[in-house]
Amino acid sequence: MSDFKYLKLSFPEPDLAWLVLDDPHKSANILSRVVLEELNACLDQLVARGNVTGLVIASAKPGIFVAGADLREFVAQKSPTRETVIAIAAQGRELFMRLSKMPFVTVAAIDGMCVGGGAELAIWCDRRLVTNNPKAQFGFPEVKLGMFPGWGGTVRFPRVAGLGNAAELITSGESIDGRALALMGVATDCVAPEHLEAAARQLVREEQKSKAYLADRKRWAQPIEMSETELTFLGATAAAFIQQQTKGQYPAPVAALELLLAASSVEQDEAGRQESESFAELFGTPINRSLINVFFLTDRNKKDPGIAAKDIKPAAVKSMAVIGAGIMGSGITAASIKRDITVALTDSRPDSLANGARKALEEASYNKATKGPDVEKALKLAPLLRATTADEELAQADLVIEAIIEQPAAKQELYARLEPHLGPNTILASNTSAISIGQLAEGLKHPDRFVGIHFFNPVRQMPLVEIIRGPKTSDQTVATAVAYAKAVGKSPIVMNDGPGFLVNRLLLPYMNEALELVAEGVSLKAVDDAAKRFGMPMGPLVLYDVVGLDTALHAGHVMHQAFPDRVRESPILTALVKAGRLGQKTGRGLFKYDGKKPRAIDDPEVAALLAPHIKPGATMKDKQITERLFLPMVLEATRILAEKIVRDPRDVDLGLIFGIGFPPFKGGLLFWADTLGAAKVVEMLKPYESLGARYQPTPMLLELAKSGRRFYEEGPG
Ligand code: NAD
């Protein structure tokens, strides 16, 4: 009877249907068009059978109920008409509404991730049971893709969970676990995975007896009962919270909230119609496409082993050594012990070692709820961390990461001392931010086992890790470094060696240009505000203060030597460093900082220091400032691609989003350039030609402009 490809239908008892979702081609169940069609055909069969009194929907995938709708089908719609979008939405919604009216009770048995379209399928069942499996996360992440649930999720979920709960989950896109789902009353119970099947059978029988589900069906078809005052209060508080979270740059949560409020006072069918109408406003917009691109970028990164060779498998990293217990070393240690990797930590200074070990343990045992270190967790993790000063002990690890001072001679001296003790497969890595990996590998006997593993500061917050190949680094070493970075919860991007590697090389033209604008007389505020309006988390000038002006001066010098035609060493930085203004760490930089939470305040002293280096009086429109800041970044990215520093334009985009917070709603730097088109970018560069090499279109950009091709040749995904 069941000739489905994606579903398995069985009857453990003559009147009880058991439907298992099981996509034979993927590790996750995805609700594609064909799966929805099969679901519909399955309902036909069950109705035709006549004697079914209960249906349980479950999944065969470990840790996953349904991971959502098929996003690739979404992006395949190039420029869908409003009618097409409404029809796509209606296909899912009508199917789920049909499910909710079946002549038998329906139960979703959830033992794994249940999000997006999957959460909608579950919510349109009469009842839900969930397990305490930590992977059983329930939520509607659509707003993170610039949409909201479009298959009736905004209709049904507030009716089942209450409008307040629905507004919170749908507008935030956050997920909750099984216990929370049961506490919310959305799941009837939260059970151990091994009891799920029995609990589902029992629930079906109970509902058949009590007929409680029929009363709920009636109630949920009606408008939501809520007073005008409650509605107004909910609307105002939720809107204020959303504004604070999104800074007005993400329209989907606002649209979702408006829809939820408006549709709460109408009947279910009308609410569904309103949902589709509103959904069509967001679907296919540039922000929606950009955010879906970011989803694909992260998905691609998760699956990328970092090398092309298929026969090389990463070695397991179970133990490691971290040398240098400063800011970075302690952060790397914390990230590693948190994931059960033992760490031997060392430092040339005993006080730094003691301090670094304590910080690492505090960070690894940090408890979000109490906002402090968790003693119990710390006691559990402490045996994984060993402070030592014996080279032999360090060298026995699977991986040794060096995070000592940024001086080539100090690093090379350390390697020469350590290498004779290293195990035959031990990988040696440097966390250097700027020194060439090839240069550091020069004196090594085994440069094939040497690699750059560049974490960003603060390690706990920054998802990006640059994995830098030296000229002799082996594929095996790269694959292991990539797997290690993923094991500690990071997103590694593999690249070839070169000044500034990837992110700092792209950041520099942008930051450099910010100072050039200041030198031309544009106010500090105007520069930073333009960058923030573009979507950057902070302006480039405040960023200087965060990085440290001395560090930036040094980096600028290195980049000037590498690219003298387009990077100038700014006299502004020199003047400020000379005056002892090093940025936030000294409380004074391009701005001044008072109080515990650093907030940039204009400082008249800065104006006096800058005066000799500034042509006064220039005013520039926001658009011009934005172009000045971001076009050199695009040009630098084309040079990086031409030099094959990275393997794919997508690496540039993900690197910038994760490394410097490039706005996800723009989809990535090159994705953004693609939305403009290369010809348009060339056009935009024209007014700045007189500024020299840094605004000259590169051969790659000109070629794309001529051929009409894009950086993302095959489109997103
Ligand atoms: P840090 O000054 O906080 O710590 C360096 C530690 O190394 C100090 O505790 C010092 O005592 C110790 N040390 C110095 N020489 C040593 C030696 N020969 N043997 C053992 N220990 C030694 O520095 P940091 O900010 O943690 O930077 C470490 C490395 O990471 C540098 O290469 C830096 O460029 C890189 N990095 C720094 C950042 C950042 O923002 N701080 C970001 C990415 C990468």
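In this predicted model, a convenient place to start is E37, which at a relative accessible area of 39% is partly exposed. The side chain of E37 meets that of R33 in a salt bridge, with 3.1 Å between N and O, and R33, at 43% relative accessibility, likewise counts as partly exposed. Both residues belong to helix α1, which spans residues 33-49, and because they are four residues apart there, about one helical turn separates them.

Helix α1 also takes part in a pairing that reaches beyond the helix itself, for the side chains of D44 and R98 meet in a salt bridge of 2.7 Å, N to O. D44 lies in helix α1 whereas R98 lies in helix α3 (residues 82-99), so this pair ties together parts that are 54 residues apart in sequence. D44 is partly exposed, with a relative accessible area of 40%, and R98 is also partly exposed, with a value of 25%.

A further salt bridge joins R201 to E13, where the closest N and O atoms are 3.0 Å apart. This pair links distant parts of the chain, since R201 sits in helix α8 (residues 196-210) and E13 in strand β1 (residues 7-13), with the two positions 188 residues apart in sequence. R201 has a relative accessible area of 27% and is partly exposed, and E13, at 24%, is classed as partly exposed as well.

These pairs are examples from a total of 48 salt bridges in the model. In general, side chains of opposite charge can pair when their charged atoms come close. Such pairs can also be joined into a network, as they are for R505, D565, R566, E636, R639 and E643, which are linked by salt bridges.

From the charged pairs we can turn to the nonpolar interior. In soluble globular proteins, nonpolar side chains tend to be buried together. Here the largest nonpolar core has 94 residues, of which L502, Y510, L541, Y544, F630, V652 and L669 touch the most other members. For V652, when its neighbours within four places in sequence are left aside, the contacts are L502, L506, A637, L641, V646, L669 and L670. A second core, separate from that one, comprises 83 residues, with L95, C125, A238 and L260 among them.

Another residue that repays inspection is D304, which is placed in the loop between α13 (286-303) and β11 (319-323). Is D304 buried or exposed? With a relative accessibility of 13%, D304 counts as buried, because the cut-off for that class is under 20%. The side chains of D304 and R647 are joined by a polar contact of 2.6 Å, and beyond the neighbours within four places in sequence D304 is in contact with V482, K486 and R647.

The last stop is the ligand, which has 20 residues around it, M328, D347, E406, K411 and S433 being those that come nearest. Oxygen atoms of the ligand approach polar atoms of both the backbone and the side chains. At M328, a polar backbone atom is 2.8 Å from a ligand oxygen, and at I404 a backbone N or O atom lies 3.2 Å from an oxygen atom of the ligand. At S433, by contrast, an N or O atom of the side chain is involved, at 2.6 Å from a ligand oxygen. Taken on its own the ligand has 830 Å² of accessible area, and the protein covers 77% of this.

Key: Residues are numbered from 1 along each chain as its sequence is written. This is a predicted model: local features need pLDDT of at least 70, side-chain atom pairs count only at pLDDT 80 or more; totals for chains, interfaces and linings use all residues. Side-chain values use heavy atoms; hydrogens and water are left out. A salt bridge is a side-chain nitrogen of Lys or Arg within 4 Å of a carboxyl oxygen of Asp or Glu. Buried means under 20% relative accessible area, exposed over 50%, partly exposed in between (1.4 Å probe, protein chains only). A nonpolar core is a set of buried Ala, Val, Leu, Ile, Met, Phe, Trp, Tyr and Cys residues joined through side-chain atoms within 4.5 Å. Contact means heavy atoms within 4.5 Å. A residue is near a molecule or strand if one of its heavy atoms lies within 4 Å of it. A polar contact is a pair of N or O atoms within 3.5 Å; within protein, one must be able to donate a hydrogen and the other to accept it, and residues adjacent in sequence count only if both atoms are side-chain atoms. Accessible areas come from the Shrake-Rupley method with a 1.4 Å probe; for residues, only the protein chains shown count as cover.
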